[in-house]
Amino acid sequence: MSDSHAAHGHADAPGNNSPFFQHHFVTMTQQASAAKLGMWLFLVQEVLFFSGLFMFYIIFRYLHPDTMLWASEHLLDKTMGGINTVVLLFSSVTMALAVRAGQVGNKQHQVTYLAITIVCACIFLCVKYVEYSHKFHMGALPGHFYSYAGNIPGEPQTFFALYFCLTGLHGIHVIAGIIALLWLMKRSARGDFGPTYYAPLELTGLYWHLVDLVWIFLFPLLYLIH
Amino acid sequence: MAAHSDPHYDGLGHHISPVRVYWLVFAALLVFTGLTYAVSFAKLGPASLPVAMLVACIKATLVCTFFMHLKYDERFNLLVFVSSLFFMAVFFGFTMLDVASRALVDPIEGYGVYEQYNPPAAPAEAAPAEAAPAADEAPAAGH
């Protein structure tokens, strides 16, 4: 393998002796930068994917500001949303520190920070579970499943369609993140990542920060309305 | 390789932020979260949405700049990301132009908005109850 790399004339470039160096790249730096561009393009797609639901939010709020206000004030718990915000922000720091541990080649720190990130993601989902089951019990559900006894003005069944779509899609992203983080933890423990190869850590980090970004907007838009 | 001896750069020549930076950014994010939470209790009325969105944008910028390394990354990645925000703005902007003005030409498809331009039912129903005072004042207004 190293023979074929030597043929490039860049065999002495950092990381080119790594088993993860792919033959169609000239240097490991080029490989990492191509991978990162690909990830950013994926994140662009994610932003536009979520923007469809944010568009739903804007139109609904424009047409039924009273429903939005009432439902948010009476049926969404600001404190639960706040706790989840802090948990997710904390998981973003630990994710960033896991990437940094990859950059400096500290295996122990990679595994520890990834584990903390996964725990935070699970706490986030547990809080979401409590919130969801509360709404299920009250019948605050989308469309014709809606059976809440309270008198909410406007179209509450549409509000809950919006609420469950937005938080549900975000929740699915959190679950996907946990799966990716578990895979990373296995690879970190095996010692795959170091100063010249940490792209999987970095790219998953970018994804995880985007999930955090979406929540940074969802929290005030859904929970903190006045 | 000289890069290895420099604690600020990794094996690929990419910038390594000090641990302290990450915790400082986290502290700033917590402060802004607390701020937006506290502000939600102050009845700001119509100003509450712009304030909440401003705080969210500041938080998002912090995450992008430091956690996602856009400050040290290739500029092209920043351009790619900002392009998504541009197209999102086009999407939101043109859709709202339609939603907010459709009632001008189509009262049925402009459901919910039409009423804002043509307040219909409420005055019509209230008319009988207030017919007498309205009748008294109508001539006065006429003169």
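## Notebook: chains A and B

**Entry 1, the interface.** I started with who touches whom: 53 residues of chain A are in contact with 57 residues of chain B. Note to self: this is a predicted model, so everything below is computed from predicted coordinates. For the area, I got about 5000 Å² buried between chain A and chain B, with carbon and sulfur atoms giving 75% of that. On the chain A side, A:Trp40, A:Tyr62 and A:His226 lose the most area to chain B, and together they make up 14% of what that side buries.

**Entry 2, polar links across the interface.** I looked for polar pairs next. There are eleven residue pairs in polar contact between chain A and chain B, counting pairs with both residues at pLDDT 80 or more. I then asked which elements of chain A give two or more residues to the side that touches chain B, and the list is helix H2 (28–63), helix H4 (78–104) and helix H7 (199–223). H2(A) brings the largest share of that side, 21 residues. How many salt bridges does the rule find across the interface? I got one. The partners are A:Lys36 and B:Asp73, with their closest N and O atoms 3.0 Å apart.

**Entry 3, following A:Lys36.** I stayed on A:Lys36 and checked for other partners. Its side chain also meets that of A:Glu202 in a salt bridge, at 3.1 Å from N to O. A:Lys36 sits in helix H2 of chain A and A:Glu202 in helix H7 of chain A, so this pair ties together parts that are 166 residues apart in sequence. Buried or exposed, I wondered, for A:Lys36 and A:Glu202? Both are buried. Putting the two bridges together, I have A:Lys36, A:Glu202 and B:Asp73 linked in a network of salt bridges.

**Entry 4, other salt bridges.** I ran the search over the whole structure and found six salt bridges over all chains. One more that I looked up in chain A is A:Glu131 with A:Lys128, where the closest N and O atoms are 3.4 Å apart. Both residues lie in helix H5 (residues 107–138) of chain A, three residues apart, which is about one turn of the helix. Both A:Glu131 and A:Lys128 are buried.

In chain B, I picked out B:Arg102 and B:Asp98, whose side chains meet in a salt bridge at 2.5 Å, N to O. I checked accessibility for each partner. B:Arg102 has a relative accessible area of 28%, so I logged it as partly exposed. B:Asp98 comes out at 37% relative accessibility, so it goes down as partly exposed too.

**Entry 5, a nonpolar patch.** I moved on to the surface. A:Leu48, B:Phe86, B:Phe87, B:Val90, B:Phe94 and B:Leu97 make a nonpolar surface patch of about 620 Å². Which element gives the largest share of the nonpolar patch? I found that helix H4 (residues 75–101) of chain B does, with five residues. I zoomed in on B:Phe87, which lies in that helix H4 of chain B. Why did I write B:Phe87 down as partly exposed? Its relative accessibility is 48%, and the partly exposed class runs between 20% and 50%.

**Entry 6, an odd backbone angle.** B:His69 caught my eye: its phi is near 60°, a positive value in a residue other than glycine. I located B:His69 in the loop between helix H3 (48–67) and H4 of chain B. I then looked up its accessibility, and at 9% B:His69 counts as buried.

**Entry 7, the two chains overall.** I closed with whole-chain numbers. Chain A has seven helices and zero strands, and I read its elements from the N terminus as α-α-α-α-α-α-α. Chain B likewise has seven helices and zero strands.

For burial, I noted 55% of the 226 residues in chain A as buried, and 28% of the 143 residues in chain B. I also pulled the contact ranges. In chain A, among contacts between residues at least 6 apart in sequence, 74% join residues at least 24 apart. In chain B, residues 24 or more positions apart account for 37% of the contacts with a separation of 6 or more.

Last, the surfaces. I have about 8900 Å² of accessible surface for chain A, with 68% belonging to carbon and sulfur atoms. Chain B exposes about 8800 Å², and carbon and sulfur atoms supply 72% of that.

Conventions
Residues are numbered from 1 along each chain as its sequence is written. Chains are lettered from A and ligands numbered from 1 in the order in which they are written. This is a predicted model: local features need pLDDT of at least 70, side-chain atom pairs count only at pLDDT 80 or more; totals for chains, interfaces and linings use all residues. Side-chain values use heavy atoms; hydrogens and water are left out. Patches are made of residues with over 30% relative accessible area and no salt bridge: like charges are joined within 9 Å, nonpolar side chains (Val, Leu, Ile, Met, Phe, Trp, Tyr) within 5 Å. Accessible areas come from the Shrake-Rupley method with a 1.4 Å probe; for residues, only the protein chains shown count as cover. Helices (H or I, at least four residues) and strands (E, at least two) are DSSP runs, numbered from the N terminus. Buried means under 20% relative accessible area, exposed over 50%, partly exposed in between (1.4 Å probe, protein chains only). Contact means heavy atoms within 4.5 Å. Buried area is the accessible area (1.4 Å probe) that two parts lose on being put together, summed over both. A polar contact is a pair of N or O atoms within 3.5 Å; within protein, one must be able to donate a hydrogen and the other to accept it, and residues adjacent in sequence count only if both atoms are side-chain atoms.
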